[in-house]
Amino acid sequence: MRNIGDVLKQNLMKREVIISLVILLVLTYLAISYGLSIILSTLIIFSIFSIVTLSLNLEVGHTGISQFGRVISVIAGAFVVGAIPGRILAFLYGLPFGLEYADDAVNYKVVPFIHKILEKNIALALGFFLFCLVLAGLSGALIGWLTSRPAIRLREAYLGISLLAFGDFFMWVGHNWEPLVGGTTAVFIPDPFRIVWGYRIQAVAFTFLAIAVLVYLFIERITKSPFGRTLKMLRDSPLVSRVYGKNIVKIRTQSLVIGSAIAAIGGALYVIYTGTCTAIGFTRLTWTFWPWAYMMLGGIGSNIGMVLGVLVLTVLRTLIILYRKSVFGFLLLWGIDPIWLEYTLLGLVIIFIVLFMPYGLVPEKAETVLPSGRIKAILESVRKQSSRTPEN
Amino acid sequence: MFPPWLAGGLVYASALSLTAGGITLLYITTRTFNFAHAGMATFGFYITYIFYSFRGGNLYQYFPLSFLFGSLLGIICYIGLNKPLLRRQASTITLMMSTLGYDLILLSIIQMLCDYLSYTFKLYPRRVTMSAYDFEMFRTSAASIISPIIAITILTLLHLFLTRTKFGTSMRATIENPILASASGINSDKVYLMSWVIGGGMAALGGAVMSLTMTGTPVMGMTLIAQMFAGAILGGLESIYGGILGGFIVGLAEYVGIYYLAVMVGPWILGYRMALPLLIMAITLLLFPRGLAGIQWSYLMESIKRARKGVKS
């Protein structure tokens, strides 16, 4: 039995614990000086990006696919939620639901009607929310399956570039094809959280956080399972996994389908939170490169690192936005908006990690089949046996 | 001389061929997919714009300055970022991400520069129509004649440099086989630096040319990086000439193809312009996973001949 002091000392000295404590202090300070709403909105953004980054980590960190098209599946989730559930409700209640639904002159009249219905009926609101998530997950899985087709053929860099290009393409389709999500104008999403009006942001924050925790547990469960170890084997050496009789094509497809479905749920949550869906908002900068930066900061391949990476960078972004006048106000003398420092920060973080911390905040730990205590015991017994038998 | 859609297409294709050639050059020497090409191209455009708006005169006389500035950006990227990573033998993805970080810093500097220019000098750098400052030549815009000439000149110079000079030969040797080249006493460091100088310069020049056919914005390079990569991938990422050709094909196909499609189908298709290069890229990758340069032409011709004979007999 170790005493409690030793355990505390060991755990407190861990990097992730120290960082979390610092962030907690920063958040408490912000809560005291700016009120709780800023914490809640940070928490919502944190939950959404945690989901997206965890799914990215499943594909990049665990399977070794160069996924530079995360935005594709986020778009799949967001556009489907923007286009379909609202139409279904409009159809059920006799409102215009065809191609004209996404037209901004119709849409801004139809959605308030749906809001009035959703406000009163808690079962409907809950069902609507769950339906959105399921729909987003299904469409994400479909898109993941579609992107897995080239993923089998192409080499890593080619694949990354192709996925990046197709992410742009989907964004332009949404931007130009008005019946989908309103084209250049935003389409409104019926808001299932209207039922708790007044406490909407709190409800959204806790729901999203709960979903993020569920996704984290799910991915942790997957990566600790035999399937997760197969993924890592595939990443480290495709040859070895082929030798062991694994079907590489099938495993890659499964990983992409699961990852895309989760990312699509992230996209769906984002549009439900903002209440609108604008195609032009789903740029590859926000939905591919930001999650990549989070992932690299957290440490590619470790799940808790993802959460930590998202937390650190989200809080830093919030700080830049909050203190852009008081700390970086000198830039305004030359007419420069300090908001651009966000990009500088992102770039510097990526470069710093690549150069000095290639394994991120929480380096990936080796997954073992048995608990580490049992492995040590087995090693010990093997050593004893080998020392007992004379070598010849 | 040219109809307006072809004139625009020629300028665009030349610009894409310059940038795609630069991307290919950097990939075959340093294994780096350079995302910073976006920032470098935008910087090239802004250098031309700034010098033109302060000093006036002919637009094209500032293009060499753009090239030099792009080279400078390339040198900074190589010394600060690429060299330590190459020494560590980092993976392709890590190299790619490092240039992405550099690109984001360049983007933020460009945005701040735009703010500064519009605040202090009352310019309008966020939406620039450079073609308005262009002059006319042979009853068409000068850009449509000069930019292909620029692209061909750069291609010729590059070819001469690679085949006729000693350093070019050592560069080709490093591209062919880095280990063997360094064993025979070639300083691979210098070769990499040179490729960043040329690649960065080509990117900036490409950006400057690009602004002659489209609206110059701080995110111009960022929106076009997919097309640049499409050109490089179409070229096969194995020879610089392939990259230059691929960029030209992608650019011309985008302009000319969309013109004909719009005439046939209707103007609504203009919004999906960027789907064309992607379609070309996807088809090429599906048919020839190694791009145009990876096709074994002699083998292909032979098999076609054989198929014909088989049909006859």
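## Where the two domains of chain A meet

Across the interface of domain 1 and domain 2 of chain A, zero residue pairs are found in polar contact, counting pairs with both residues at pLDDT 80 or more. That pLDDT condition is there because this is a predicted model. Salt bridges between domain 1 of chain A and domain 2 of chain A also come to zero. What kinds of residue, by class, does domain 1 of chain A have on the side that touches domain 2 of chain A? That side has eight nonpolar residues, one polar residue and two charged residues.

The domain assignment of chain A places domain 1 at 1-34 and domain 2 at 37-387. Eleven residues from domain 1 of chain A and 14 residues from domain 2 of chain A take part in the contact. Between them the two domains bury about 1,200 Å², and 76% of this is on carbon and sulfur atoms. Their C-alpha centres are 27 Å apart.

## Chain A as a whole

Let's step back to the full chain. Chain A contains 16 helices and two strands. Its radius of gyration is 24 Å, close to the 21 Å that the globule rule gives for 392 residues, so chain A is as compact as a globular protein of that length. Taken along the principal axes, the C-alpha atoms of chain A fill a box of roughly 90 × 50 × 45 Å.

## Chain B as a whole

Now for the partner chain. Chain B has twelve helices and two strands. In what order do the elements of chain B run from the N terminus on? The order is α-α-α-α-β-β-α-α-α-α-α-α-α-α, with the two strands following four helices. For chain B the radius of gyration is 20 Å, close to the 20 Å given by the globule rule for 313 residues, so this chain is as compact as a globular protein of that length. The box filled by the C-alpha atoms of chain B, along the principal axes, is roughly 70 × 55 × 35 Å.

## The interface between the chains

How much area is buried between chain B and chain A? The value is about 3,900 Å², with carbon and sulfur atoms giving 77% of it. The contact draws 46 residues from chain B and 41 residues from chain A. Within chain B, the residues losing the most area to chain A are B:Met97, B:Met112 and B:Tyr272, which together account for 15% of what that side buries.

Six residue pairs are in polar contact between chain B and chain A, again with both residues at pLDDT 80 or more, while the count of salt bridges between these chains is zero. Four helices of chain B each supply at least two residues of the side that touches chain A: H3 (63-87), H4 (92-120), H9 (220-235) and H11 (275-287). Of the elements of chain B, H4(B) gives the most to this side, with 19 residues. Sorted by class, the side of chain B that touches chain A has 31 nonpolar, eleven polar and four charged residues.

## Salt bridges

Side chains of opposite charge can pair when their charged atoms come close. Over all chains, a search of the whole structure finds twelve salt bridges.

One worth finding on screen joins the side chains of A:Glu220 and A:Lys224, with an N to O distance of 2.7 Å. Where do A:Glu220 and A:Lys224 lie in chain A? Both belong to helix H9 (residues 200-224) of chain A, and they are four residues apart, about one turn of the helix.

Terms used
Residues are numbered from 1 along each chain as its sequence is written. Chains are lettered from A and ligands numbered from 1 in the order in which they are written. Side-chain values use heavy atoms; hydrogens and water are left out. Domain bounds come from an automatic or database domain assignment. Contact means heavy atoms within 4.5 Å. Buried area is the accessible area (1.4 Å probe) that two parts lose on being put together, summed over both. A salt bridge is a side-chain nitrogen of Lys or Arg within 4 Å of a carboxyl oxygen of Asp or Glu. A polar contact is a pair of N or O atoms within 3.5 Å; within protein, one must be able to donate a hydrogen and the other to accept it, and residues adjacent in sequence count only if both atoms are side-chain atoms. Ala, Val, Leu, Ile, Met, Phe, Trp, Tyr, Cys and Pro count as nonpolar, Asp, Glu, Lys and Arg as charged, and the others, Gly among them, as polar. The radius of gyration is taken over C-alpha atoms; the globule rule is 2.2 Å times the number of residues to the power 0.38.
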